[in-house]
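Biologist: Please teach me how to read a protein model, one feature at a time.

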Amino acid sequence: MEPKWIFAVLLIISAAVSADYVRPKPRKALHFPWISKGFSPAQQVHISLAGDKHMRVSWITHDKDSPSMVEYGTSPGKYSYMSQGESTSYNYLLYSSGKIHHTVIGPLEYNTVYFYRCGGQDPEFKLKTPPSQFPITFSVVADLGQTGWTKSTLDHIDQCRYDVHLLPGDLSYADYMQHKWDTFGELVQPFASQKPWMVTEGNHEEEVIPLIKNGFESYNARWRMPFEESESTSNLYYSFEVAGVHVVMLGSYADYDKYSDQYNWLKADLSKVDRKKTPWLLVLFHVPWYNSNHAHAGEGDRMMATMEPLLYAASVDIVLAGHVHAYERANRVNNGKSDPCGAVHITIGDGGNREGLAQKYKNPQPEWSVFREASFGHGELRIENSTHALWSWHRNDDDEAVMSDQVWITSLAGSRCIAEKNERRKILMVN
């Protein structure tokens, strides 16, 4: 066997083993029926926002001649509109993907149910577009994976009346084993085909094989996000706006130094945000900057040193991250300490992946850390109006209606913080 193939095999084997975490005994069975019953021409269907009043429908077919066409309308079985998209595919060692389709549909009405089918064939799916104004609800979870814990998380999220799902990295935990991208797509299809899923990459999406494969090939091919619509040059970072909220999805594993494309894009993107039009400003990325868990301690420090001044100058309201397999909520914080003009930082990497929970926290608890717990769960952010939002965290072990942690958050838009930082904002955003 050639050295490059030996190396690839070793990578795949090592990816299946992790010593970073203390793995608890399963509280729920890890068995899950991955294979769908019956054959469907369109598989792994998921949708995402793609600019104002538009959605991107993504799916996979085994028929290489299947068209990248989506028919849609507001009544079951009656399709008044049709959009044509594009397709791609990739090879990864001995694996060949199916035909991966991406088709943008719209313009669509806000807060409306549409029925659609892919490639001119049944089955019929339905989706609901987000509202145009408050209130709007986001469900949030990272480090999802595909275990019994994952299934419990998804069942809880399904009971949450959310409009958009946010996932700050580590989706499938395929870790080089490409068929697991397919099983993950099947697992989330019932949810992601109905409501838009907006994701950014984590370390488990990278899948680099030196001298053979660059990183994020599978992720970029399957989970296309609106990077071009937000004037980004990379699918690893982008932004979008929905119902008075500007959401920035950053890449912890894309270059982020002051000379990088991502840094310059972020400066330009934040400078365009009109807080009168979009009073809420959220930022998501994978590796947390404020983390009092022993797992992944300090890994976000370099990115924080570079980019936190930009977020502070822009008066970002909430920062959501994953990577650490536990939950933690911080005060408004900046430069390592509580600051009423900083962002609320939340780690929500407790989706249910195979590596288990990160159970070891540092003591004493930092002054900026408000609540922390190593349990599987998900978060919900209900933005009620231009000034107030309710954040809640829900354990898998409890009923969905139970809020294990909750806090009302007030937007910084229109606050003294923005006025006080105007001069600094000009320097950071313009120069």
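Biologist: Let me start with one residue: is E373 buried or exposed?

Modeller: Buried means under 20% relative accessible area, exposed means over 50%, and partly exposed lies in between (1.4 Å probe, protein chains only). E373 has a relative accessible area of 18%, so it is buried. One caution: this is a predicted model, where local features need pLDDT of at least 70 and side-chain atom pairs count only at pLDDT 80 or more, while totals for chains, interfaces and linings use all residues. Residues are numbered from 1 along each chain as its sequence is written, and side-chain values use heavy atoms, leaving out hydrogens and water.

Biologist: Which residues does E373 touch, beyond those up to four places away in sequence?

Modeller: Contact means heavy atoms within 4.5 Å. Here E373 touches A326, Y327, Y361, W393 and R395. Its side chain also makes a polar contact of 2.7 Å with that of S375. Such a contact is a pair of N or O atoms within 3.5 Å; within protein, one must be able to donate a hydrogen and the other to accept it, and residues adjacent in sequence count only if both atoms are side-chain atoms.

Biologist: In which strand is E373 placed?

Modeller: It belongs to β21, residues 369-373. Helices (H or I, at least four residues) and strands (E, at least two) are DSSP runs, numbered from the N terminus. The protein has 8 helices and 24 strands, and 59% of its 431 residues count as buried.

Biologist: What is the strand order in the open sheet of 6 strands?

Modeller: Strands of a sheet pair through backbone hydrogen bonds, either parallel or antiparallel. Two strands count as paired if DSSP finds at least two bridges between them. In this sheet the order is β13-β12-β11-β22-β23-β24, and the pairing is mixed. β13 (197-200) and β24 (405-410) are at the edges with a single partner strand each, so one side of each has no neighbour in the sheet. β23 (residues 388-395) pairs with β24 in the antiparallel sense over 6 bridges, and W391 stands opposite V407 in β24.

Biologist: Which helix lies across β22 of this sheet?

Modeller: Helix α2 (residues 148-159) does, running at about 20° to β22. Axes are lines fitted to C-alpha atoms, for helices over the stretch in contact, and angles run from 0 to 180 degrees between N-to-C directions.

Biologist: How far apart are I136 and R382 in space?

Modeller: They are 5.8 Å apart, C-alpha to C-alpha, although 246 residues separate them in sequence. I136 is in β11 and has a relative accessible area of 0%, so it is buried. Among the residues it contacts are V242, L381 and I383.

Biologist: How far apart are the end C-alpha atoms of helix α3?

Modeller: The expected span of a helix is 1.5 Å times one less than its number of residues. For the 14 residues of α3 (residues 179-192) that gives 20 Å, and the end C-alpha atoms are 19 Å apart, which agrees.

Biologist: Where does α3 bend?

Modeller: The bend at a residue is the angle between axes fitted to the seven residues ending there and the seven starting there. α3 bends by about 30° at E186, and the proline P190 follows within four residues. This helix is mostly covered, with 11 of its 14 residues buried, including W181, F184 and L187. α3 also lies across β1 and β2 (55-61), at about 60° to β1.
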